[in-house]
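Here is a walk through one protein model, written for someone who likes to know the cut-offs behind the words. Have a look at the fold, then read on.

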Amino acid sequence: MAKDQSIYWNPIAETLPREKLQALQVKKFKRIFEWAYNNSPFYKKLYKEAGMEPGDIKTYEDIKKVPKTDKAVLRDVQDRPPFPYGDMLAVPLKDVTEFRQTSGTTGTPVYQADTWADWEWWAECWAYILYAQGYRDTDRMFIPFGYNIFVAFWAAHYAAEKLGCEVVPGGVLDTEARIMKMLELKCTAFGATPTYVLGMADTARKIGIDPRSIGIQRITCAGEPGASIPTTKQRIEDAWGAKVYDHIGATEIGAWSYMCTVQKGLHVNEAMFLVEIEDVDTGEIIDTPMKNGKMVITAFDRIGKPCIRFDSKDVIRWADYDCDCGRTFRVIDGGVVGRADDITKVKGVLLAPTAIEEVVRSFSELSDEYEVVVTKKGDIDDIMLKIELKPGQEKNEADILSRLKDLLRVKTNLGYKIEIHPYESLPRYALKAKRFKDMRPH
């Protein structure tokens with residue numbers, strides 16, 4: 001265990017021995033299960049039909065018997081009263097103080113209801129994250145996003161204030177104005193999607209500002225897996241001269257995982273969440289390190305619209321190493337590897353889009369943007385990678401293409417058609433990027 005207790009937001013929870021931590025998780029699971037059973041019509045019906053009631057949860061093993069939910073269920077529930085959340089709600093409608101919704105990138109948005117206690121819980125989750133990444137009351141944190149119906153960095157804002165940081169909201173400013181404000185105020189930190197962080201650096205250079213001169217010391221990324229992809233993370237750190245930390249969360253789940261200052265893997269906040277990894281084919285719970293499976297997650301303390309054994313479809317794996325920071329929270333390796341509904345077979349090979357990103361971002365001669373398009377001609381899959389060469393690299397085109405094709409073959413076991421597009425002609429994204437496009441009929 002690390003001797004310096006000052007690195008932990010909650011030293012007791014974050015260094016709790018494993019057996020005590022598991023006992024805490026069982027206790028908290030029983031509590032949220034009973035709350036949902038007694039207060040949510042949806043959950044009561046679900047559990048009764050499964051022949052379960054609160055007294056049935058006695059051990060860690062009993063948790064595996066509890067029925068799961070998923071995003072499709074959350075959407076279906078919304079068709080029932082009370083509007084607009086449905087009967088999954090476990091509090092009176094008058095107790096709901098916060099509305100957020102999912103981005104809808106995988107279908108109809110899910111509406112999320114939170115009570116004021118839930119919103120304080122959100123901020124506490126984020127306080128673990130920011131403190132573990134070195135944020136302190138001496139930081140001036142810039143939030144470069146439009147405050148909207150998406151949760152984005154809303155909770156990070158309140159957590160930063162809870163830590164004593166000075167928070168600068170950059171909502172309605174455009175990218176150039178955000179950069180100028182960060183420079184003017186000598187901000188020390190900010191948070192955004194990896195795509196937007198790279199885009200901001202590019203914009204800064206265009207207006208004659210070296211991003212490294214702004215003085216940013218730490219950047220927290222969310223919304224995409226890029227900050228856990230070594231080549232993308234390195235690009236961001238090189239561009240800003242700052243440490244980059246990943247975080248994973250979701251509107252319907254909460255902020256459940258974070259990278260600490262050691263920057264090796266991501267801790268699961270096991271004091272506030274239960275993460276199970278399930279074999280995609282068999283449904284068995286995976287405890288073996290470095291074996292991919294989809295995440296089933298429970299938020300212990302969210303009461304408005306409980307999240308209990310939610311099948312997130314996120315593909316993750318337990319790490320085969322412990323973190324040097326001394327936290328006893330388990331670590332996942334490489335962040336979110338992909339989504340169970342994104343990892344697809346191309347030419348008979350299982351492909352995770354993150355593998356392509358890792359390769360493309362390892363080429364300094366290429367821009368930050370690329371696009372992958374999968375199509376089908378007859379019975380044959382076709383995969384096209386669209387890239388941009390940085391200015392001045394045109395003379396090296398043949399060599400770059402040869403090395404890129406070879407590395408893609410090694411890393412993904414697939415051959416690609418590659419199109420070179422003019423610099424800055426591919427789409428740029430301010431929030432979550434949509435670079436992988438599977439156009440095959442399904």
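Before the details, a word on burial: a residue is called buried under 20% relative accessible area, exposed over 50%, and partly exposed in between, using a 1.4 Å probe and protein chains only. This is a predicted model, where local features need pLDDT of at least 70 and side-chain atom pairs count only at pLDDT 80 or more, while totals for chains, interfaces and linings use all residues. Residues are numbered from 1 along each chain as its sequence is written, and side-chain values use heavy atoms, with hydrogens and water left out.

**The overall picture**

The protein chain holds eleven helices and 21 strands. Both kinds of element are DSSP runs numbered from the N terminus: helices are H or I with at least four residues, strands are E with at least two. Along the principal axes, the C-alpha atoms fill a box of roughly 70 × 60 × 45 Å. The radius of gyration is 22 Å, which agrees with the value near 22 Å for a compact globule of 442 residues. That radius is taken over C-alpha atoms, and the globule rule is 2.2 Å times the number of residues to the power 0.38.

How much of the chain is buried? Buried residues make up 55% of the 442. Contacts (heavy atoms within 4.5 Å) often bridge long stretches of sequence: of those with a separation of 6 or more, 68% are between residues 24 or more positions apart. On the outside, the chain exposes about 19,100 Å², and 52% of that comes from carbon and sulfur atoms. The areas come from the Shrake-Rupley method with a 1.4 Å probe; for residues, only the protein chains shown count as cover.

**Helix α2**

Helix α2 covers residues 18–39, so 22 residues by the DSSP runs. From its first C-alpha to its last it reaches 31 Å, close to the expected 32 Å; the expectation is 1.5 Å times one less than the number of residues. Its buried residues are Leu 21, Gln 25, Val 26, Lys 28, Phe 29, Ile 32, Phe 33, Ala 36 and Tyr 37. An α-helix has 3.6 residues a turn, so residues three or four places apart point the same way. What lies over those buried residues? The cover includes α3 (41–49), β11 (273–278) and β12 (293–299).

**Salt bridges**

Side chains of opposite charge can pair when their charged atoms come close. Here a salt bridge is a side-chain nitrogen of Lys or Arg within 4 Å of a carboxyl oxygen of Asp or Glu, and the whole structure has 41 of them. Three pairs are set out below.

| Pair | Closest N to O |
|---|---|
| Arg 140 and Glu 166 | 3.0 Å |
| Lys 181 and Glu 184 | 3.0 Å |
| Arg 235 and Asp 368 | 2.7 Å |

Take Arg 235 and Asp 368: Arg 235 lies in helix α9 (residues 230–240) and Asp 368 in strand β18 (residues 366–377), so the pair ties together parts 133 residues apart in sequence. Is this pair buried or exposed? Both Arg 235 and Asp 368 are buried.

Arg 140 and Glu 166 also link distant parts of the chain, with Arg 140 in strand β4 (residues 140–143) and Glu 166 in strand β5 (residues 166–169), 26 residues apart. Arg 140 counts as partly exposed at 26% relative accessibility, and Glu 166 is partly exposed too, at 40%.

Lys 181 and Glu 184 both sit in helix α7 (residues 175–185), three residues apart, or about one turn of the helix. Lys 181 is partly exposed at 28%, while Glu 184 is exposed at 52%.

There is also a network of salt bridges, which links Lys 68, Asp 70, Glu 278, Lys 294, Asp 311 and Lys 313.

**Backbone oddities**

Which peptide bonds are cis? The bond from Pro 81 to Pro 82 is one, with omega near 5 degrees, and the bond joining Phe 83 and Pro 84 is another, with omega about 0 degrees. Pro 82 is in the loop between α4 (71–77) and β2 (96–101), and Pro 84 is placed in the loop between α4 and β2 as well.

Two residues other than glycine have positive phi. For Lys 186, phi is near 55 degrees; Lys 186 lies in the loop between α7 and β6 (189–192) and is exposed at 64% relative accessibility. For Gln 263, phi is about 60 degrees. Gln 263 is found in the loop between β9 (254–258) and β10 (266–268), and is buried with a relative accessible area of 18%.
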